[in-house]
Amino acid sequence: MEKSKCCCFTGHRLTKLPWRSNENDERCITLKQELAARLEGIYQAGYRHFICGMAEGCDLYFCEAVLAAKENCDLPVFVSNAYGEDGKLMTGADPAAMVTMLEGLGVDALGMNCSMGPRQMLEIAAETVKYASVPIIVNPNAGLPKVIDGKSVFDVDADKFSDIMCEIVAAGATIIGGCCGTTPEYIRKTVEKTKNLPFALPEKKEKTLVSSYTHAVEIGIDPVIIGERINPTGKKLFKEALRNNDLNYILNEGISQHKTGVSLLDVNVGLPEIDEKAMLTKVVASLQAVSDLPLQIDTVDYGAMEAAM
């Protein structure tokens, strides 16, 4: 049987795609068109898996890259992120946030690569397993690099690396490998030690999660407080703010609720005499610049909801 081939796009390659200079939606369209063209070439060349490796993490273009891959080919899409020693991406996203977003986008596998060694990655892998219902990828570096005589030297040898990879498999990882500093010897020893370990795909998690760009909120265990002051119903001053396009007033309502400890912000800007689609899109984007709380879009206008998302 012919072996399948795998293609990997990194975050650096994606950010070098030709952006247009106007609004974000045009830039996303450019990204999706460019990826569509590349994906056609990838498929014709015989590649059968698409891996999207994004160090930057959870942002608009990251989402568009994943959607472009899903919409323009039927290849399995794997997404791998680089976490820091604090267990978060550069954007501040934790594993629960990434699982919630990526499974919502329909990826076929997700996980982590680069940035740290297998011992540091073990804890993040275990946290990811708690939330993920799709296979989990773990590709660590050969430890943390040190510069010796002008050269980068990694501090975990192949024996130690492969031993820890056994722990990572036991924690629930199903797709494993190595990143910076690893060599064929690392992979060979990892295969030898893990090939007979029990294997099981992740069970479907019966969790209800909503996520912002930094963290997820689980619904159904503890009470979840939703701030609902971003709503014109019965609020004369809020209605005036909408009519006058007074974003500061609206954002202050969100900030004040964030400070009181709510878990989510409800966003409702429905007023008959304004352009709800434009206002909702603007308010959702602006709120995410001042608060990292997940947002609950509250509207009966499907077009406004789609635009705001």
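Is Met305 buried, partly exposed or exposed, and what relative accessibility does it have? In this predicted model, Met305 counts as partly exposed, because its relative accessibility comes to 26%, and the partly exposed class runs between 20% and 50%. Its place is in helix H11, which covers residues 302-308. Setting aside residues up to four places away in sequence, Met305 touches Leu280, Ile297 and Thr299. Leu280 sits 25 residues away from Met305 along the chain, yet the C-alpha atoms of the two are separated by 7.8 Å.

Next come the sheets. Three strands make up an open sheet, in the order S11-S12-S13, and the pairing is parallel. The edges are taken by strand S11 (226-227) and strand S13 (295-297); each has a single partner strand, so one side of each is left without a neighbour in the sheet. S11 is joined to strand S12 (residues 264-267) by 2 bridges, and these two strands run parallel. For Ile226, the bridge partner in S12 is Leu264. As a general point, strands of a sheet pair through backbone hydrogen bonds, and they do so either parallel or antiparallel.

The antiparallel kind turns up here too. Strand S9 (residues 208-211) pairs with strand S10 (residues 216-219) in the antiparallel sense, over 4 bridges. The two form a hairpin, with 4 residues between S9 and S10. Within this pairing, Val210 has Val217 in S10 as its bridge partner.

Now for the aromatic rings. Searching the whole structure turns up 2 aromatic pairs. One of them brings together Phe161 and Tyr186: the ring centres are 5.4 Å apart and the planes stand at 75 degrees, so this pair is edge-to-face. It links distant parts of the chain, with Phe161 in helix H6 (residues 158-171) and Tyr186 in helix H7, 25 residues apart. Phe161 and Tyr186 are both buried.

The other pair is Phe238 with Tyr249, and it is also edge-to-face, because the planes meet at 65 degrees, with the ring centres 6.3 Å apart. Phe238 lies in helix H8 (residues 236-243) and Tyr249 in helix H9 (residues 247-260), so the pair ties together parts that are 11 residues apart in sequence. What about burial in this pair? Phe238 is buried, since its relative accessible area is 1% and the buried class takes in anything under 20%. Tyr249 counts as partly exposed, with a relative accessibility of 25%.

Helix H7 deserves another look, this time for a charged residue. Lys189 is found in this helix, which spans residues 184-194. Is Lys189 buried or exposed? Lys189 is buried, because its relative accessible area is 16%, which falls under the 20% cut-off. Leaving aside neighbours within four places in sequence, Lys189 is in contact with Ala158, Asp159 and Ser162. Helix H6 runs over residues 158-171, so these contacts of Lys189 can be read alongside the Phe161 and Tyr186 pair, which is set in H6 and H7. Two loop residues have unusual backbone angles for their type, in that phi is positive although neither is a glycine: about 70 degrees for Ser115 and about 55 degrees for Asn245. Ser115 is found in the loop between strand S4 (109-113) and helix H5 (118-131), and its relative accessible area of 33% makes it partly exposed. Asn245 is found in the loop between H8 and H9. Asn245 is partly exposed as well, with a relative accessible area of 40%.

Last come the nonpolar cores. In soluble globular proteins, nonpolar side chains tend to be buried together. The largest nonpolar core in this model has 37 residues, and those with the most contacts inside it are Tyr83, Met98, Leu102, Leu110, Met112 and Val138. At least two residues of this core come from each of helix H3 (60-72), strand S3 (77-81), helix H4 (95-105), S4, H5, strand S5 (136-139) and H6. H4 gives the most, with 7 residues. Apart from this core lies another, of 20 residues, and Phe238, Ile250, Met279 and Val283 are among them.

Technical notes:
Residues are numbered from 1 along each chain as its sequence is written. This is a predicted model: local features need pLDDT of at least 70, side-chain atom pairs count only at pLDDT 80 or more; totals for chains, interfaces and linings use all residues. Side-chain values use heavy atoms; hydrogens and water are left out. Buried means under 20% relative accessible area, exposed over 50%, partly exposed in between (1.4 Å probe, protein chains only). Contact means heavy atoms within 4.5 Å. Two strands pair if DSSP finds at least two bridges between them. Rings of Phe, Tyr and Trp (its six-membered ring) pair if their centres lie within 6.5 Å; planes under 30 degrees apart count as stacked, over 60 as edge-to-face and the rest as tilted. A nonpolar core is a set of buried Ala, Val, Leu, Ile, Met, Phe, Trp, Tyr and Cys residues joined through side-chain atoms within 4.5 Å.
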